[in-house]
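Let's take a walk through this model, going from helix packing to charges, cysteines, backbone oddities and surface. Have the 3D view open and follow along.

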Amino acid sequence: MKFFLDTANIDEIREANATGLLDGVTTNPSLIKKAGREFFEVITEIAKEVDGPVSAETVAHDHETMLKEGLKCAKIADNIAVKVPLTIEGLKTCKALRAEGIMVNVTLCFSANQALLAAKAGASFISPFVGRHDDVGFNGMELIEDIRNIYDNYNFDTEILVASVRHPTHILESARIGADVATFPIDVLRKLFNHPLTTNGLAGFDKDWAATGFSIL
Ligand code: E4P
């Protein structure tokens with residue numbers, strides 16, 4: 001399963017990249033606002049920092065303007081995935097951008113039928129939002145399972161990009177289901193490394209090793 005970081009903060013991206021485990025980045029207008037930097041400047045910097053896909057989200061609601069925005073974003077770098085919303089206009093734009101060979105991430109997906117539409121429109125990625133789904137009393141991970149089954153039934157090559165991830169259990173469940181990608185904030189990445197038995201075990205080995213007086217280097 002690929003790991004994307006869900007942020008427009010370059011320091012967080014550098015921290016994640018240094019682990020050697022980062023496969024891409026997703027951004028959205030709220031994350032751009034939070035980063036407090038000009039859109040093209042920050043997306044250009046992220047696209048240079050990361051080898052994998054970097055999602056840049058369009059903001060227009062009509063197909064014609066959204067397509068213009070998408071084409072402009074795609075010019076930033078070869079690894080840009082243009083993000084469009086799961087609306088009729090968004091899927092028209094998805095199809096047009098894919099015909100140009102541009103990667104497209106279809107966002108704000110909350111049902112398996114919507115995911116089916118995105119795959120039929122040729123999306124490179126579909127982004128179902130599991131955390132926001134959980135927030136309103138549904139089970140976000142059941143949605144991922146449904147989409148996995150549907151995509152496998154028809155051999156769609158659209159990648160399932162689990163979004164709105166809030167905690168490590170979302171990552172574990174995504175991997176169990178066979179999602180292709182999960183995108184998550186830096187604090188979730190940090191938590192994935194942690195286990196109290198690892199910390200305690202390391203402290204015990206340190207103590208015993210110090211008592212031997214040996215040295216490896
Ligand atoms: C993904 O592409 C979305 O931008 C993101 O995961 C949304 O997450 P949120 O529900 O935490 O805002």
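Which residues of helix α3 (residues 39-49) are buried? They are Val-42, Ile-43, Ile-46 and Ala-47, where buried means under 20% relative accessible area, exposed means over 50%, and partly exposed is in between (1.4 Å probe, protein chains only). These four span an arc of only 135° around the axis, so they sit on the same side of α3; the arc is taken over the directions from the helix axis to the C-beta atoms. Among the elements covering the buried residues of α3 are α1 (10-18), β2 (24-26), α2 (29-35), β3 (54-57) and β4 (80-85), with contact meaning heavy atoms within 4.5 Å. As for the labels, helices (H or I, at least four residues) and strands (E, at least two) are DSSP runs numbered from the N terminus.

Before going on, a word on the ground rules. This is a predicted model, in which local features need pLDDT of at least 70 and side-chain atom pairs count only at pLDDT 80 or more, while totals for chains, interfaces and linings use all residues. Residues are numbered from 1 along each chain as its sequence is written, and side-chain values use heavy atoms, with hydrogens and water left out.

Now look at helix α6 (residues 112-120), where the buried residues are Ala-112, Ala-115, Ala-118 and Ala-119. Their arc around the axis is only 110°, which puts them on the same side of α6. Turn to the other side of α6 and you'll find Asn-113 and Lys-120 exposed. What do the buried residues of α6 pack against? Their partners are α5 (88-99), β5 (103-109), β6 (125-128) and α8 (140-153). Just after α6 comes Gly-122, with a positive phi of about 85°.

Next, the charges. A salt bridge here is a side-chain nitrogen of Lys or Arg within 4 Å of a carboxyl oxygen of Asp or Glu, and by that rule there are 13 salt bridges. Take Lys-2 and Glu-159, whose closest N and O atoms are 2.7 Å apart. Lys-2 belongs to strand β1 (residues 2-6) and Glu-159 to strand β7, so this pair ties together parts that are 157 residues apart in sequence. Lys-2 itself is partly exposed, at 33% relative accessibility.

Back at α3, Glu-49 forms a salt bridge with Arg-14, the closest N and O atoms being 3.1 Å apart. Arg-14 is in helix α1 and Glu-49 in helix α3, so the pair ties together parts that are 35 residues apart in sequence. Arg-14 is partly exposed at 36% relative accessible area, and Glu-49 is partly exposed too, at 26%. Both belong to a network of salt bridges linking Arg-14, Arg-37, Glu-41, Glu-45 and Glu-49.

For a salt bridge inside one helix, go to α10 (residues 186-193). Lys-191 and Asp-187 meet there at 3.7 Å, N to O. The two are four residues apart in the helix, so about one helical turn separates them.

On to the cysteines. A disulfide is a covalent bond between the sulfur atoms of two cysteines. With the cut-off set at a pair of cysteine sulfur atoms within 2.5 Å, how many disulfides does the structure hold? Zero. The sulfur of Cys-73 is 15 Å from the closest cysteine sulfur, in Cys-94, which is too far for a bond. Cys-109 is in no disulfide either, with the sulfur of Cys-94 the nearest at 12 Å. Cys-73 is buried at 3% relative accessible area, and Cys-109 is buried at 0%.

Two residues show a positive phi although they are not glycines. Asn-155, at about 55°, is in the loop between α8 and β7 (159-162) and counts as exposed at 70% relative accessibility. Ser-164, at about 60°, is in the loop between β7 and α9 (168-177), but is buried at 11% relative accessible area.

Finish in the segment after α11 (196-212), where Ile-216 lies, exposed at 74% relative accessible area.

Key
A disulfide is a pair of cysteine sulfur atoms within 2.5 Å.
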